[in-house]
Amino acid sequence: MMSLSISAARPDPFLTLTAAAAVLLALAVGWSAVDHRMVGDAQVWVKPAKFALSFIVHFATLALIMRVLSPEWREGRALGLTAGVMATAFLGEMAYIFVQAAQAQPSHFYVSDGFHSIMYRLMGFGAVLLILGPLVVAWAAVSDRAAALGPATRAGIGWGAAASFVLTMITAGTMGARLSHFVGNPPPGAPTLPFFGWSAAVGDLRPAHFVALHALQVLPLAGLLLDRAGLGAGAVRWVALGWGALSLGLYAQALMGLPLIRL
Amino acid sequence: MTPDALFSLAGTLALPGWAILIFAPRRWPALNAVPAVVLPLVLSAGYTLLILAYFAGAGGDFSLIAGVRQLFMDDYVLVAGWVHYLAFDMIVGALAAGLMDRAGIGRIVQAFVLGTVFLFGPLGYLLARSLVGALGPMGLLARTFQPQEG
């Protein structure tokens, strides 16, 4: 039967999560047509859309890494467990973000009562799991000698996941501890950068968080380019150093209360 | 029985069906049949009895919002409407679970989609169909990525 042959081809779990994030992005964009309520300075659907987009990139990266692993690693228990834990954290986080947005309430830094404080803490815990997951996948890519990876790409995946984890813990951890991504108080209607929504008036920790998180894509891509150019894997660590310095520089800039670009 | 008692009875009937759909293994056809067939049939039978006994007396119809509101002024018809939701949402839940099983979607992701069908039926159905639909193009995209030999 047709249906049985389809069920035999089980999609990679990270591909399923990429598809789930894409569906949630479509849902948030569709929502924008009918709901014009605001949370702070942003329309209610903007945050669900941004998080869904970010998760598409996050899970697509892991799905691509999975494709080059040997079957023993790809179908092994460690990566299956990692995908399960990440799925729970991702969908739990998105469910809460959608529910809060539908009530025109914030989800992060929102500790109005006991329930919302617990949910905020759970989201923080889930976020840590979501950046720990790539470390397991990267560990597989580094350990799997049969993986179809050039030496610099392999190093880039390892450095990317490590840098992404450490830098995100620093930047996002600071936001979490301060209960705000702002350093300073932007007046209502203060300018923001197009698309990203980062403050163009006061310090904003989100650019540093963005750069930190995307070490997971930038460093493997740098490795891929180095392999194509026939250069050694050693250069990856210099790119990692530079990318880390960029993230920490933006972090320092935000902590001084300076916007990324003043508009 | 009072409308309140019927309301809680219907809810009590529905819960095990959802627990099976969301948490139970799928390898026993008899267990799968509980949410897919048995409980929807029981709920449909209850709905039928309520509608036969109370619909005419409520004095409304389906032609205008005012008519539907009139129907739902009667608590027995209101319970019948609720049982209608419970029965059909569970059928849709079983359908969505089957769709996602065949597409090879893992049970953790399924649990969130089925939870959405349970709480907000059509939204969950939309999610299930879209997710299964999105997997095809996603797989094609992934296959275009050629691993570089190391």
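In the predicted model, Ala127(A) is located in helix α6 of chain A, which spans residues 114–143. Because 19 C-beta neighbours lie inside 10 Å, Ala127(A) is classed as partly exposed; a buried residue would require 20 or more. Ala127(A) is separated from Thr171(A) by 44 residues in sequence, and the C-alpha to C-alpha distance between the two is 13 Å.

Thr171(A) also takes part in a helix pairing, being one of the residues through which α7(A) contacts α8(A). The axes of α7(A) and helix α8 (residues 206–213) of chain A are 8 Å apart and enclose an angle of about 160°. The two helices are therefore roughly antiparallel, since angles over 145 degrees fall in that class. Their crossing is left-handed. On the α7(A) side, the contact comprises Ser164(A), Leu167(A), Thr168(A), Thr171(A), Ala172(A) and Met175(A), while α8(A) contributes Ala208(A), His209(A), Ala212(A) and Leu213(A). Classified by residue type, this contact contains 6 nonpolar and 4 polar residues, with no charged residues.

Helix α7 of chain A, residues 151–178, is also among the elements that supply at least two residues to the side of chain A touching chain B. The contact between the chains involves 31 residues from chain A and 21 residues from chain B. Besides α7, the helices of chain A that each provide at least two residues to this side are α1 (2–8), α2 (13–31), α3 (46–68) and α5 (77–102). The largest share, 9 residues, is contributed by α2(A). The side of chain A that touches chain B consists of 19 nonpolar, 8 polar and 4 charged residues.

Key
Residues are numbered from 1 along each chain as its sequence is written. Chains are lettered from A and ligands numbered from 1 in the order in which they are written. This is a predicted model: local features need pLDDT of at least 70, side-chain atom pairs count only at pLDDT 80 or more; totals for chains, interfaces and linings use all residues. Two residues are in contact if their C-beta atoms, placed from the backbone, lie within 7 Å. Helices (H or I, at least four residues) and strands (E, at least two) are DSSP runs, numbered from the N terminus. Ala, Val, Leu, Ile, Met, Phe, Trp, Tyr, Cys and Pro count as nonpolar, Asp, Glu, Lys and Arg as charged, and the others, Gly among them, as polar. A residue is buried if 20 or more other C-beta atoms lie within 10 Å of its own, exposed if 12 or fewer, and partly exposed in between; C-beta atoms are placed from the backbone. Axes are lines fitted to C-alpha atoms, for helices over the stretch in contact, and angles run from 0 to 180 degrees between N-to-C directions. Angles under 35 degrees count as roughly parallel, over 145 as roughly antiparallel, 65 to 115 as roughly perpendicular and the rest as oblique. A crossing is left-handed if the near helix is turned anticlockwise from the far one by less than a right angle, and right-handed if clockwise.
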